[in-house]
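Student: I should like to examine one part of this model closely. Please choose a single residue and explain, step by step, how its surroundings are arranged.

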Amino acid sequence: MAEMTFYVSLPPEQAAQMIEHHIVNGSITGEVIDRYVLNSPSGHSCITAIFEKHYYRAGNRLVLTVVLDNFTGYTRVHAVGGGGGEGFFRFDWGASASFSNAAREALEGYIIT
(Lines give C-alpha, C1' and ligand atoms only; values in the text may rest on other atoms or scores of the structure.)
Protein backbone atom coordinates (compact mmCIF):
# COMPACT_ATOMS: atom_id res chain seq x y z
CA MET A 1 0.00 0.00 0.00
CA ALA A 2 1.20 3.49 -0.83
CA GLU A 3 -0.52 6.77 -0.03
CA MET A 4 -0.05 10.49 -0.50
CA THR A 5 -1.91 13.72 0.22
CA PHE A 6 -1.38 17.07 -1.49
CA TYR A 7 -3.31 20.24 -2.37
CA VAL A 8 -4.04 21.71 -5.80
CA SER A 9 -5.35 25.02 -7.12
CA LEU A 10 -8.21 23.43 -9.09
CA PRO A 11 -11.82 22.70 -8.14
CA PRO A 12 -12.36 19.03 -7.12
CA GLU A 13 -14.38 18.18 -10.25
CA GLN A 14 -11.72 19.48 -12.63
CA ALA A 15 -8.92 17.75 -10.71
CA ALA A 16 -10.87 14.46 -10.72
CA GLN A 17 -11.39 14.69 -14.48
CA MET A 18 -7.67 15.28 -15.03
CA ILE A 19 -6.74 12.26 -12.91
CA GLU A 20 -9.28 10.10 -14.73
CA HIS A 21 -7.98 11.21 -18.12
CA HIS A 22 -4.39 10.50 -17.08
CA ILE A 23 -5.17 6.99 -15.79
CA VAL A 24 -7.77 5.83 -18.31
CA ASN A 25 -6.62 7.50 -21.53
CA GLY A 26 -2.95 7.10 -20.70
CA SER A 27 -3.18 3.32 -20.31
CA ILE A 28 -4.52 0.27 -22.12
CA THR A 29 -5.68 -1.41 -18.89
CA GLY A 30 -6.73 1.59 -16.77
CA GLU A 31 -10.43 1.91 -15.96
CA VAL A 32 -12.81 3.70 -13.62
CA ILE A 33 -14.45 1.27 -11.19
CA ASP A 34 -16.63 3.81 -9.38
CA ARG A 35 -17.05 7.54 -8.85
CA TYR A 36 -19.14 9.09 -6.08
CA VAL A 37 -19.80 12.82 -5.55
CA LEU A 38 -21.18 14.53 -2.44
CA ASN A 39 -22.10 18.21 -2.57
CA SER A 40 -22.78 20.25 0.57
CA PRO A 41 -25.29 23.11 0.82
CA SER A 42 -22.35 25.46 1.49
CA GLY A 43 -20.89 24.76 -1.97
CA HIS A 44 -18.16 22.32 -0.92
CA SER A 45 -17.81 18.91 -2.48
CA CYS A 46 -16.12 15.57 -1.96
CA ILE A 47 -15.39 13.16 -4.79
CA THR A 48 -14.30 9.57 -4.33
CA ALA A 49 -12.98 7.79 -7.42
CA ILE A 50 -11.75 4.22 -7.64
CA PHE A 51 -9.51 3.11 -10.49
CA GLU A 52 -8.07 -0.23 -11.49
CA LYS A 53 -5.09 -0.96 -13.70
CA HIS A 54 -2.96 -3.99 -14.54
CA TYR A 55 0.71 -3.80 -13.60
CA TYR A 56 2.91 -6.43 -15.19
CA ARG A 57 5.62 -6.15 -12.55
CA ALA A 58 3.08 -6.89 -9.79
CA GLY A 59 1.53 -9.68 -11.83
CA ASN A 60 -2.03 -8.50 -11.24
CA ARG A 61 -4.43 -5.56 -11.16
CA LEU A 62 -4.02 -2.80 -8.60
CA VAL A 63 -6.61 -0.43 -7.20
CA LEU A 64 -6.20 3.31 -6.71
CA THR A 65 -8.66 5.18 -4.50
CA VAL A 66 -8.61 8.97 -4.80
CA VAL A 67 -10.57 11.29 -2.51
CA LEU A 68 -10.80 14.98 -3.43
CA ASP A 69 -12.45 17.64 -1.28
CA ASN A 70 -12.45 21.41 -0.91
CA PHE A 71 -13.62 21.63 2.71
CA THR A 72 -10.60 23.73 3.72
CA GLY A 73 -10.78 26.22 0.85
CA TYR A 74 -8.20 24.40 -1.28
CA THR A 75 -8.69 21.11 -3.06
CA ARG A 76 -7.11 18.29 -1.08
CA VAL A 77 -6.20 15.14 -2.99
CA HIS A 78 -5.63 11.91 -1.07
CA ALA A 79 -4.55 8.87 -3.13
CA VAL A 80 -4.08 5.30 -1.89
CA GLY A 81 -2.86 2.49 -4.11
CA GLY A 82 -2.95 -1.17 -3.18
CA GLY A 83 -3.87 -4.69 -4.11
CA GLY A 84 -0.49 -5.76 -5.44
CA GLY A 85 1.46 -8.82 -4.45
CA GLU A 86 0.68 -12.50 -4.49
CA GLY A 87 -0.57 -14.87 -1.82
CA PHE A 88 0.21 -13.84 1.75
CA PHE A 89 2.90 -11.39 0.68
CA ARG A 90 2.16 -7.80 -0.30
CA PHE A 91 5.40 -7.23 -2.17
CA ASP A 92 4.44 -5.61 -5.48
CA TRP A 93 7.79 -4.37 -6.81
CA GLY A 94 6.75 -0.74 -6.18
CA ALA A 95 3.68 -0.90 -8.42
CA SER A 96 1.26 0.47 -5.78
CA ALA A 97 3.57 3.47 -5.20
CA SER A 98 3.67 4.08 -8.96
CA PHE A 99 -0.10 3.89 -9.19
CA SER A 100 -0.56 6.30 -6.25
CA ASN A 101 1.83 8.69 -7.96
CA ALA A 102 -0.43 8.76 -11.05
CA ALA A 103 -2.73 11.27 -9.31
CA ARG A 104 0.22 13.53 -8.55
CA GLU A 105 1.54 13.25 -12.10
CA ALA A 106 -1.85 14.22 -13.54
CA LEU A 107 -1.99 17.38 -11.41
CA GLU A 108 1.73 18.25 -11.30
CA GLY A 109 1.35 21.81 -12.62
CA TYR A 110 -1.37 22.69 -10.08
CA ILE A 111 0.13 21.41 -6.80
CA ILE A 112 0.38 24.11 -4.13
CA THR A 113 1.65 22.04 -1.15
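Tutor: A polar contact is a pair of N or O atoms within 3.5 Å; within protein, one must be able to donate a hydrogen and the other to accept it, and residues adjacent in sequence count only if both atoms are side-chain atoms. The model is predicted, so local features need pLDDT of at least 70 and side-chain atom pairs pLDDT 80 or more, while totals for chains, interfaces and linings use all residues. Residues are numbered from 1 along each chain as its sequence is written, and side-chain values use heavy atoms, without hydrogens or water.

Let us choose Asp-69, whose side chain reaches the backbone nitrogen of Phe-71 at 3.1 Å. Asp-69 belongs to strand β4. Strands (E, at least two residues) and helices (H or I, at least four) are DSSP runs, numbered from the N terminus. In the protein chain there are 2 helices and 5 strands, and their order along the sequence is β-α-β-β-β-β-α.

Strand β4 covers residues 60-69 and strand β5 covers residues 75-82; the two pair in the antiparallel sense over 7 bridges (pairing requires at least two DSSP bridges). A hairpin is formed by β4 and β5, with 5 residues between them. In its turn, Gly-73 has a positive phi of about 100°. Across from Asp-69, in β5, stands Arg-76.

These two residues, Asp-69 and Arg-76, also meet through their side chains, in a salt bridge of 3.0 Å, N to O (a side-chain nitrogen of Lys or Arg within 4 Å of a carboxyl oxygen of Asp or Glu). Side chains of opposite charge can pair when their charged atoms come close. The partners are not equally covered: Asp-69 is buried, at 7% relative accessible area, whereas Arg-76 is partly exposed, at 24%. Buried means under 20%, exposed over 50%, and partly exposed in between (1.4 Å probe, protein chains only). For the whole protein chain of 113 residues, 37% count as buried.

What else surrounds Asp-69? Apart from neighbours within four places in sequence, Asp-69 is in contact (heavy atoms within 4.5 Å) with Pro-12, Ser-45, Cys-46, Tyr-74, Thr-75 and Arg-76. As for the protein chain as a whole, residues 24 or more positions apart account for 55% of its contacts with a separation of 6 or more.

The salt bridge of Asp-69 may now be set beside the others, for the structure holds 3 salt bridges. In one of them, the side chains of Glu-13 and Arg-35 meet at 2.8 Å, N to O. Glu-13 lies in helix α1 (residues 12-25) and Arg-35 in strand β2 (residues 31-39), so this pair ties together parts that are 22 residues apart in sequence. Glu-13 is partly exposed, with 33% relative accessibility, and Arg-35 is likewise partly exposed, with 29%.

Arg-35 also meets the side chain of Glu-20 in a salt bridge, at 3.8 Å, N to O. Here too distant parts of the chain are linked, since Glu-20 is in helix α1 and Arg-35 in strand β2, 15 residues apart. Glu-20 counts as partly exposed, at 28% relative accessibility. Glu-13, Glu-20 and Arg-35 are thus linked in a network of salt bridges.

To return to our chosen residue: Asp-69 is buried, is joined to Arg-76 by a salt bridge, and reaches the backbone nitrogen of Phe-71 with its side chain.
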